[in-house]
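This report goes through a structure in short sections, with the cut-offs behind each term stated where the term is used. The sequence and the coordinates come next.

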Amino acid sequence: MEETDAQLVLAVRGGDRAAADRLLQRYLRACRAVALAVTGSEDDADDVCQDGFITAIARIGECRDPARFGGWLLQIVRNRARNQLRARAVRETRAIREEANGNTADPAAAAERTELRLRLNAALQALSAQQREVVLLHDLEGWTHREIAERLELPAGTVRSHLHYARRKLRDLLGRADGDA
Amino acid sequence: MSEAPPVDLSPLDPARDPDRWASIVEQTRTRIDAVFLERERQTDVLTIVAGWARPVLAAAAAVLLLLAATFAARSGTPAPHASGARSLAALSAGYADGHVPTGAELAAALGGRRTRR
């Protein structure tokens, strides 16, 4: 049977390195999704998800309710992402630039992927930060409505409405961009 | 309210570049190891400090009482905390036998109250 967050948190506090690894497997992608929702930059999200997770492990003794580790961790990531956003000057995404520069076997396909990612990122920016988190956690990370509601501390109805609105808006924006092209 | 159909967000999936994502996960693991090592190191230091604290306090109390007794003998007044001196003697004997005094015993020796053993 899979350990609960609370069990894993207590094990980490007791010095169990393997428990920290299970939390990493459980949450690192979600950390990245939340960081991406805040920063809008995949490079920043990659950095912030690591930093946020490490901070949480280093300060795990401060997690007052181990059963709510997920929400606590994502709040740390969110705060770090906001700091990163403030500290960031206008900066292009390194990976996108590298891909766009043709550092790949199939430059045409890479350019198309880059274009798609840019459009998706641009469309996501039209949503609120919370809507971005909900749609990324649900449609990219596969979290259920209940998991999102618990870990973002939102009512289930709000999660559903955020998801509905976000999908509709994204579809609208991406469809309009297709029409413009 | 019927739910709007999902949008394909897979271009934003970190696993689209598995090597890069594996490297991020590995880097995070390495940093977690560092956190655990640092925590173990701090725990070791605390254990050492805790191990030394009570014997050092006992020695400090002995010096204080000795000074107080010397001062009293010179000035001709009775030594303060005579019972504390007795407690201290008991503590010293116990410490010689390998018994590390508790905080309560030290407080009693300093304050002259009888200890509960």
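## A loop in chain A

Where is the place of Glu153(A)? Glu153(A) sits in the loop between α8 and α9 of chain A, where helices (H or I, at least four residues) and strands (E, at least two) are DSSP runs numbered from the N terminus. The model is a predicted one, in which local features need pLDDT of at least 70 and side-chain atom pairs count only at pLDDT 80 or more, while totals for chains, interfaces and linings use all residues. Residues are numbered from 1 along each chain as its sequence is written, and chains are lettered from A and ligands numbered from 1 in the order in which they are written.

Glu153(A), just after α8(A), takes a positive phi of about 55°, and it is a residue other than glycine. Most residues other than glycine have a negative phi. Glu153(A) is exposed, with 11 other C-beta atoms within 10 Å; a residue counts as exposed at 12 or fewer such atoms, as buried at 20 or more, and as partly exposed in between, with C-beta atoms placed from the backbone. Pro155(A) is found in the loop between α8 and α9 of chain A and is likewise exposed, with 9 other C-beta atoms within 10 Å. The C-alpha atoms of Pro155(A) and His145(A), which are 10 residues apart along the chain, are separated by 9.7 Å.

## Helix α8 and the nonpolar core

In α8(A), the residues Ile148(A), Arg151(A) and Leu152(A) are buried. Viewed down the axis of α8(A), its buried residues fall within an arc of 90°, so they line one face of the helix; the arc is that of the directions from the helix axis to the C-beta atoms.

The largest nonpolar core, a set of buried Ala, Val, Leu, Ile, Met, Phe, Trp, Tyr and Cys residues joined through C-beta atoms within 7 Å, has 49 residues, and those with the most contacts inside it are Cys31(A), Val34(A), Ala35(A), Leu73(A) and Val77(A). Among the elements that give two or more residues to this core are α1 (5-13), α4 (69-87) and α8 (145-152) of chain A, while α2(A) gives the most, with 12 residues. Domain 1 (1-91) and domain 2 (126-181) of chain A both give residues to this core, so it lies between them; the domain bounds come from an automatic or database domain assignment. Leaving aside its neighbours within four places in sequence, Cys31(A) is in contact (C-beta atoms, placed from the backbone, within 7 Å) with Cys49(A), Gly52(A), Phe53(A), Leu73(A), Leu74(A) and Val77(A).

## Chain B and the interface

Chain B has three helices and zero strands, and buried residues make up 15% of its 117 residues. Of the contacts in chain B with a separation of 6 or more, 46% are between residues 24 or more positions apart.

In the interface, 30 residues of chain A are in contact with 20 residues of chain B. On the side of chain A that touches chain B, α2(A) gives the most, with eight residues.

## Confidence

The model scores ipTM 0.81 and pTM 0.69. Chain B averages a pLDDT (the predictor's confidence in each residue, from 0 to 100) of 78, and 69% of the residues score at least 70. Within chain B, confidence is highest in helix α1 (residues 18-75), at a mean of 86, and lowest in helix α2 (residues 82-96), at 64. Where pLDDT is low, the predicted coordinates should not be read in detail.

Technical notes:
Contact = placed C-beta atoms within 7 Å.
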